[in-house]
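Subject: Structure handover

Hello,

Here is the structure I promised to pass on. My notes follow below it.

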Amino acid sequence: MEKKRGADIVVDVLLHEGVDTIFGLPGGAIMEVYDALFDAPFKNVLTRHEQAACHMADGYARATGKVGVVIATSGPGATNLVTGLATAYMDSIPLVAITGQVPRHYIGTDAFQEADVIGITRPITKHNFLVTDIKDLPLILRQAFYIARTGRPGPVLVDIPKDITQQVSEYYIPSDEEVKESLPGYNPHVEGNPVQIKKAAELIRKATRPVLYVGGGAILADAAEEVTKLARLTKIPVTTTNMGKGAFPETDPLSLHMLGMHGTYYANMAVYHSDLLIAVGARFDDRVTGKISEFAPEAKIIHIDIDPASISKTITVDVPIVGDVKNVLQKLIKELEEKPVEWVAARENWLKQIQEWKEKHPLSYRKSDKIIKPQYVIEEIYNITNGDAIISAGVGQHQMWAAMFYKYSYPRQFLNSGGLGTMGFGFPAAVGAKIGRPDKTVFAIEGDGSFIMNVQDLATAVQYRVPVKIAIINNGFLGMVRQWQQFFYDSRYASVCLSVQPDFVKLAESFGAVGLRATKPSEVKEVLAKAMEINDRPVLIDFVVDREENVLPMVPAGKSYREMILTPKQKGEAETMYLVG
Amino acid sequence: MSEIKVIKERPQPEKKIGRHVITVKVQHNFGVLARITGLFAGRGYNIESLTVGRTHEPHIARITIVVEGDERVIEQIIKQLRKLIETLRVRDITDIPHIERELALIKIHTENDRTRDEIMRLVNIFRAKVVDVSTDTYTVEITGDEDKIEAFISLIKPFGIKEMARTGTLAMVRESATSKILPGERFD
């Protein structure tokens, strides 16, 4: 058998797993691995902060469907990964994080840069490992990739003490069989139960007001094609969560766009009045359901998900189908094709009703030629990119506008921190996405508050000549918090005004990127056109927008869909609370 | 077209709170117990007792968890336990004939001969055992299900308990009373 240094074994396994890019930042305990990476034949991206590295690996994974890899040193390096790992964990993104640990004989002595990383990351990873014997190193690394990418995907962390990376040992790379056999308790359920699939098909045939509710699971399972086929076959309207965007083209007449707290009026009305809800790789998040007891009160619910723990967690389900979404949908479609119904006729009334809702309250905003409306910026980004760009958003109002006013037509097109709601996610994730998908235009739509949380990594984007476009929706506020304060806290704007801001144009220039600014609606198209021409470095556009624009419609937290706020509040006027049904 | 009227509320499941006995087989790896207890702590589930030890297979440990909660909480606990990579098998054996045992060590004050006699009588009735004697204490070992131990403790309490340690419940399905398919195996 071959003999190698632990650090070289790490690189060998990464190569074996087909890794072509890693993100990270070196330090004492991981130096041996970085030494080995120096000669490795893949892209090694040095970031300025481990959190950004983690989001980059995450954005890379979301955009490409591959496992993202992030490397950090012990102690502070590893603890800086925490937010990134938790973000990936909540959205089920496959990541492998490799962290250095102090040498084995120092563990537990409060050594320099020591932290109990296994303990710290246990609740925010799908699984984690501390390597205690070099003989286990190749198997653990292979297990990490296998666990990260199979079943309900998620981040896996491998903590490697420095002396193990230095130690020389005989080794071999374990086969796929060995990896599976070494995890006897881990058997993700891929095939859906055929009896349940038949039951689901029966419900679909009988339903008069069905809705497909599609989440991120459909994207992760690469099931967009099946979702689209099912919807078009059975003429069922489709609403997606913000994690499910792109699983069904939003340009299709059957699309209801997003549902939930900032969902469209017609998506929420359709769900509220439905008699059958088919949840596909979605988990009934509270931002989707609002008040549980009034969520789709008349609907029977079919839930297809690979994670049994997601089923009947908050909403009791009538037909649970545990399995891979793609696999289950293929069988369900086959079942429906065998005993077809006159679908068009069966859906006539329902689709007519939905069309009425669409016409009554389409997604809209008050346009202006004096002040830039954030929604207008997003629409213009949509126009100039022909709807084909990958959009990565931070967290806040801009995220919701990016979800509402850009129409997504293919999977892995909209990247955002749906579950954890991590400010600072959008820009580094865009860098990772652009590195993974250099063929696509990648736009980071960021808030001024969100962007500043990982601004340091502009340096990384410049260093590696990653031509991402950054659109800052700059309203000088932590906008979403301000909106809540306006609606629910009597406009007491406590600690939301970002009264000191950098000059974003100069900031970009100081990093070696291009900085642009638009302060009037008439400048928006022009700066976007300029930004599209630059392809050798990042471009930052500072859009100075209407400071007090709100994200609407909105279902207040914990309220029913019947209590939607639909129209923007005018000065001295209460916002309209609609009671529907 | 007039709007479809919806007036109903989504029916909510009843909350029947009960005591459940859950057995878990896990790979006997470093940190596995922390994973399990962390799962309970992080999700706000309340453990009544948790016991853990090796089995006849050296790489497998067996855990018995006693937990109180409504159906939904118990279902989540079982599903979340099954999600752990190192979990081999999870069963809720509450409704299956099973054996429950707990061991308690109780150090009891013995004032005089009369109390010593009294305690010995109770020890014999309960088929417990005195495992240590000093001038003013007896230390008693008792095994049995929770009810038996609780009953013994309540009878012994008036004498004065100086110290007590309990292992928590261990449980195992009663082979003599089970068929091949068990009602608790819904998710396996």
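**Inside chain B**

Between domain 1 of chain B and domain 2 of chain B, the rule finds 4 residue pairs in polar contact (both at pLDDT 80 or more). A polar contact is a pair of N or O atoms within 3.5 Å; within protein, one must be able to donate a hydrogen and the other to accept it, and residues adjacent in sequence count only if both atoms are side-chain atoms.

Before the rest, two notes on the basis. This is a predicted model: local features need pLDDT of at least 70, side-chain atom pairs count only at pLDDT 80 or more, and totals for chains, interfaces and linings use all residues. Residues are numbered from 1 along each chain as its sequence is written, chains are lettered from A and ligands numbered from 1 in the order in which they are written, and side-chain values use heavy atoms, with hydrogens and water left out.

Back to chain B. Its domain assignment gives domain 1 (17–96) and domain 2 (99–170). Such bounds come from an automatic or database domain assignment. The two centres, taken over C-alpha atoms, are separated by 29 Å. In the contact (heavy atoms within 4.5 Å), domain 1 of chain B supplies 7 residues and domain 2 of chain B supplies 6 residues.

Together these two domains bury about 490 Å², 47% of it on carbon and sulfur atoms. Buried area is the accessible area (1.4 Å probe) that two parts lose on being put together, summed over both. B:Arg19, B:Thr51 and B:Thr64 supply 66% of the area that domain 1 of chain B buries against domain 2 of chain B, more than any other three residues.

The rule also finds 2 salt bridges across this interface. A salt bridge is a side-chain nitrogen of Lys or Arg within 4 Å of a carboxyl oxygen of Asp or Glu. B:Arg19 meets B:Glu100 in a salt bridge (2.9 Å, N to O).

Three strands give two or more residues each to the domain 1 side: β1 (18–27), β2 (47–54) and β3 (60–69) of chain B. Helices (H or I, at least four residues) and strands (E, at least two) are DSSP runs, numbered from the N terminus. The largest share of that side, 3 residues, comes from β2(B). By class, the side divides into 3 nonpolar, 3 polar and 1 charged. Here Ala, Val, Leu, Ile, Met, Phe, Trp, Tyr, Cys and Pro count as nonpolar, Asp, Glu, Lys and Arg as charged, and the others, Gly among them, as polar.

UniProt, in an unreviewed entry, lists residues 21–95 of chain B as "domain: ACT". UniProt positions are given in the numbering used here, feature names are shortened, and annotations may be inferred rather than shown by experiment. Over residues 21–95 the chain is 33% helix and 41% strand. The end C-alpha atoms of that stretch are 9 Å apart.

**Inside chain A**

Chain A is divided into domain 1 (2–181), domain 2 (194–360) and domain 3 (374–551). The centres of domain 1 and domain 2 of chain A, over C-alpha atoms, are separated by 37 Å. Here 8 residues of domain 1 are in contact with 6 residues of domain 2. The pair buries about 590 Å², 63% of it on carbon and sulfur atoms. In domain 1 of chain A, A:Met90, A:Asp91 and A:Arg152 lose the most area to domain 2, together 62% of what that side buries.

The count between these domains is 1 salt bridge. The side chains of A:Arg152 and A:Asp307 meet in a salt bridge (2.7 Å, N to O).

UniProt also annotates chain A, again in an unreviewed entry. Residues 197–332 are listed as "domain: Thiamine pyrophosphate enzyme central". That stretch is 35% helix and 20% strand. Residues 394–543 carry "domain: Thiamine pyrophosphate enzyme TPP-binding". Those residues are 41% helix and 16% strand.

**Between the chains**

What does each chain give to the contact? Chain A gives 42 residues and chain B gives 26 residues. Chain A and chain B bury about 3000 Å² between them, 52% of it on carbon and sulfur atoms.

The rule finds 1 salt bridge across this interface. A:Asp307 appears again: B:Lys83 forms a salt bridge with A:Asp307, the closest N and O atoms being 2.7 Å apart. There are also 12 residue pairs in polar contact (both at pLDDT 80 or more).

Best wishes
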